[in-house]
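Trainee: I would like to go through the labels used for this model and see how each one is justified.
Mentor: Then ask about them one at a time, and we will set each value against its cut-off.

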Amino acid sequence: MILDLSIDDLLTTTRTIRKRLDLERPVERAVIEECLELALQAPNGSNHQQWRWIVVDDRDTIGRAASIYRAAMDQYSADIAAGREQYMQGGSRSQEIGESVAHLKANLQRVPALLVPTLADRFGVQRGGTRTTYHDASQWGSILPAVWNFMLALRSRGLGSAWTTIHLLREREMAELLGIPYETHLQAGLFPIAYTIGTEFRRAARRPVSDVIRYNGW
Ligand SMILES: Cc1cc2nc3c(=O)[nH]c(=O)nc-3n(C[C@H](O)[C@H](O)[C@H](O)COP(=O)(O)O)c2cc1C
C-alpha cells in the first residue's frame with residue numbers, strides 16, 4: 001500500500017512515532033526490504049556503502065534489545081539527575097515529548113521489528129585516529145541520509161519509526177547481542193518499525209526559517 005501523499009506532505013509529516021506505533025500488526029519482511037532498497041539510494045562517501053542493516057524481528061532478541069534500550073535510558077536519566085548530562089535537555093515541547101519517550105521505553109519490546117544501521121568505522125573514530133569535523137561529517141553523512149530515506153519510505157507505506165540513539169550509551173552490549181563487530185563497526189541508532197495507528201500526521205513544530213536563515217554569512 002502506498003499512501004496518497006504529495007512530496008511536501010511526506011516531508012512534513014514523517015514524524016517521530018512512539019504512541020502510534022501499531023504493536024499488534026505484524027510487519028512483513030518484504031515491506032522492510034522494499035523500504036531499505038529505497039533507502040540505499042541515498043548518497044554516501046565515495047559510494048563505499050560500508051553499511052550493514054540489521055533488522056531484528058525475532059521476539060526474544062527484540063526483548064533483549066529493549067532491555068538494553070531501557071538500561072541506557074535509565075543511565076541517561078541518572079546522569080541528568082546527577083548533573084553529568086545536559087545534552088538534549090530543555091527543548092520545546094519537553095513535557096509532551098517526555099511522555100512519548102516514556103511510552104516507547106515501556107513498549108519497545110512489543111514492536112514488530114527493529115532496525116540497527118551499522119557503518120564500518122573507516123574514519124578511525126573508535127580507534128582514536130585523528131578526528132576532525134571532516135571525518136565526523138563524512139562518516140555520519142555516509143549513513144544518516146539513508147536512514148532518513150528509510151523513514152520516509154516507511155511513512156509512504158503507512159509505517160513509522162522513531163529516530164533513537166540512547167542505546168548507544170550501551171553500544172557494546174547491543175553489539176554483543178546482535179553479533180556486530182564492535183571494534184570496527186559503529187551503530188547509527190535504533191529504529192522501531194511498525195505500521196502506524198492511522199495515517200494522518202501533522203507538520204512538525206520547528207523554528208521558522210526566518211529565525212535560522214542568514215544570507216552570505218553568519
Ligand atoms: C539524533 C536523534 C536522537 C534521538 N534519540 C531519541 C531517543 O533515544 N529516544 C527517543 O524516544 N527519541 C529520540 N529522538 C527523537 C526526537 O526526540 C524527536 O525527533 C523529537 O521528539 C521531535 O519529534 P518530531 O521529529 O516528530 O517533531 C531522537 C532524534 C534524533 C534526531
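Mentor: One definition comes ahead of the helix pairs: axes are lines fitted to C-alpha atoms, for helices over the stretch in contact, and angles run from 0 to 180 degrees between N-to-C directions. Note also that this is a predicted model. With that, the axes of helix 3 and helix 7 (residues 171-178) cross at roughly 170 degrees and come within 10 Å.

Trainee: Why are helix 3 and helix 7 called roughly antiparallel?

Mentor: Angles over 145 degrees count as roughly antiparallel. The angle here is roughly 170 degrees, and helix 3 and helix 7 are therefore roughly antiparallel to each other.

Trainee: Which residues make that contact, and how do they divide by class?

Mentor: Helix 3 contributes Thr61, Arg64, Ala65 and Ile68, and helix 7 contributes Glu173, Met174, Leu177 and Leu178. The contact of helix 3 with helix 7 has 5 nonpolar, 1 polar and 2 charged residues.

Trainee: What makes helix 3 and helix 4 oblique to each other?

Mentor: Helix 3 (residues 59-81) packs against helix 4 (residues 94-107) at an angle of about 140 degrees, with the axes 8 Å apart. Roughly antiparallel needs over 145 degrees, roughly perpendicular covers 65 to 115, and roughly parallel is under 35. An angle of about 140 degrees fits none of these, and the pair is therefore oblique. The crossing of helix 3 and helix 4 is left-handed.

Trainee: Which residues of helix 3 and helix 4 make the contact?

Mentor: On helix 3 they are Tyr69, Arg70, Met73 and Asp74, and on helix 4 they are Val101, Leu104 and Lys105. By class, the contact of helix 3 with helix 4 has 4 nonpolar, no polar and 3 charged residues.

Trainee: How do you know that the buried residues of helix 2 line one face?

Mentor: The buried residues of helix 2 (residues 29-39) are Val31, Ile32, Cys35, Leu36 and Ala39. Viewed down the helix axis they fall within an arc of 135 degrees, so they line one face of helix 2. On the other side of helix 2, Ala30, Glu33 and Glu37 are exposed. The cover over the buried residues of helix 2 includes strand 1 (51-56), strand 2 (113-120) and helix 6 (144-156).

Trainee: Why is Thr13 called buried?

Mentor: Buried means under 20% relative accessible area. Thr13 has 7%, so Thr13 is buried. Thr13 sits in helix 1 and, leaving aside neighbours within four places in sequence, is in contact with Arg155, Phe201 and Arg202.

Trainee: What makes Arg25 partly exposed?

Mentor: The relative accessibility of Arg25 is 39%, and partly exposed lies between 20% and 50%. Arg25 is in the loop between helix 1 (7-13) and helix 2. Not counting residues up to four places away in sequence, Arg25 touches Pro112 and Tyr195.

Trainee: Why does Ser46 count as exposed, and what is noted about the phi of Ser46?

Mentor: Exposed means over 50%; Ser46 is at 66% and so counts as exposed. Most residues other than glycine have a negative phi. Ser46 is not a glycine, yet its phi is positive, about 55 degrees.

Trainee: Where is Gln49 found, and is Gln49 exposed or partly exposed?

Mentor: Gln49 is in the loop between helix 2 and strand 1, and so is Ser46. Gln49 has a relative accessible area of 38% and is partly exposed. Gln49 is not a glycine either, and its phi is positive at about 50 degrees.

Methods: Residues numbered from 1 in each chain as written. Predicted model: local features only at pLDDT ≥ 70, side-chain atom pairs only at ≥ 80, totals over all residues. Heavy atoms only, no water. Helix = DSSP H or I, 4+ residues; strand = E, 2+ residues; numbered from the N terminus. Left-handed = near helix turned anticlockwise from the far one by under 90°. Contact = heavy atoms within 4.5 Å. Nonpolar A, V, L, I, M, F, W, Y, C, P; charged D, E, K, R; others polar. Buried < 20%, exposed > 50% of the residue type's maximum accessible area, 1.4 Å probe, protein only. Arc of directions from axis to C-beta.
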